[in-house]
Amino acid sequence: MIEIKNLTCRLNGNVVLDDISFKINKGESVAIIGPNGSGKTTLLRVLNGLLDIRNGEYVFDGQRIDDKFLKDAKRRKIFHKRIGFVFQNSDNQLFCKTVFDEVAFSLLQFDIKYEEVEKRVFDCLKLLDIEHLKERVPYTLSGGEKKKVAIASTLALNPEVLILDEPLNEIDPKSKRKIRELLKTLNDYGKTIICATHDFEYFKGVFKRAIVISSGHKIIYDGDFESLIDNKEFLEQNDII
Ligand SMILES: Nc1ncnc2c1ncn2[C@@H]1O[C@H](COP(=O)(O)OP(=O)(O)OP(=O)(O)O)[C@@H](O)[C@H]1O
Ligand SMILES: [Mg+2]
C-alpha cells in the first residue's frame, strides 16, 4: 500500500532523513520509533503529502505521490480522504469555531447529507468520550482535550490509513488506555496504522512491526515490535531509552 524508496530529506540544508526505504502493506500496524530530532515527524509529513520530495520516491497504492500529483486538487482530496493524519502539535490541526464544526469540517468537503454528517460527528465524539466538548472553542481546550478532538476529526472521514504523531502526548492514563484500545480495534477492522511514539511500552499488543530511525536519520531496525522493545541493550545503545 505504501512504498518509500531511497528517500533523503533535507530541511534548511541539513539531512533529516538519510536514504530510507520500506514498504507497508494494507492492514499493518507499525510504530515509528527514534530519539528526538531523528526524523519521525518529517517522515509522517512525507507520507501525508505535506513535504516536497526532492530525492527518492513515495508510492501510495500504486500511485507515485509527487509534486505533480499533489498539485491536482481533486486527486489530492481523494488521497487525503484515504489517509488521515493526527499531528504531533494539535494547534496546527484545529482551526474551527467549535469542536462540532472541527469534527464535521472534513466531512463537509464531500457530498454527504447533513444528517449523516451529524451522526458521524457524534459517533467520533463518543469514541473519544468528548461529547461534552462539542460546543467548546477548540483553542481554549486543554492539551489532552485538543489531542482527542484532533483524533476524532481525523477518524470522521473513516480513512483507510491512519497516521498518528505522538497520539498519547498530554493524555491522562485512563484516556491512554482508551486510545490504545481504539487503535487496536481499528487495526483489527483492517485499518493500516502508522504511529510515531515514545510511549512504545504502552502499545504492547497493538503494533506488530517497528521501524527505528537513528539520531543519524537512518533506518536501523525494521522488524517485529515485541522483539525490539524486549531488546533493552539495542534501545539503550541507540539513545531510545
Ligand atoms: N521546518 C524545519 N526547518 C529546519 N529544520 C527542521 C524543520 N522541521 C524539523 N527540522 C529538523 O529536522 C530534524 C527532524 O525533526 P522531526 O520533527 O522530524 O523529528 P522527530 O523525530 O519527530 O522528533 P520528536 O521526537 O522531538 O518529535 C530535527 O533536527 C529538526 O530540528
Ligand atoms: Mg516528532
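Student: What makes Thr41 and Gln88 the protein donors of the magnesium ion (ligand 2)?

Tutor: In this predicted model, Thr41 (OG1) and Gln88 (OE1) lie 2.0 to 2.2 Å from the magnesium ion, and donors are N, O and S atoms within 2.8 Å of the metal (3.2 Å for Na, K and Ca), with water not among the atoms, so sites may look incomplete. Local features need pLDDT of at least 70 and side-chain atom pairs pLDDT 80 or more, while totals for chains, interfaces and linings use all residues, and side-chain values use heavy atoms, without hydrogens and water. Residues are numbered from 1 along each chain as its sequence is written, with chains lettered from A and ligands numbered from 1 in the order in which they are written.

Student: Why is Thr41 called partly exposed, and why is Ser214 called buried?

Tutor: Buried means under 20% relative accessible area, exposed over 50%, and partly exposed in between (1.4 Å probe, protein chains only). Thr41, at 26%, is therefore partly exposed, and Gln88, at 35%, is partly exposed, whereas Ser214, at 11%, is buried.

Student: Why is helix H4 called oblique to helix H5?

Tutor: Helix H4 (residues 99-108) and helix H5 (residues 114-127) pack at an angle of about 125°, with their axes 9 Å apart. That angle makes H4 oblique to H5, because under 35 degrees counts as roughly parallel, over 145 as roughly antiparallel, 65 to 115 as roughly perpendicular and the rest as oblique.

Definitions and conventions. Axes fitted to C-alpha atoms, helices over the stretch in contact; angles between N-to-C directions. Helix = DSSP H or I, 4+ residues; strand = E, 2+ residues; numbered from the N terminus.
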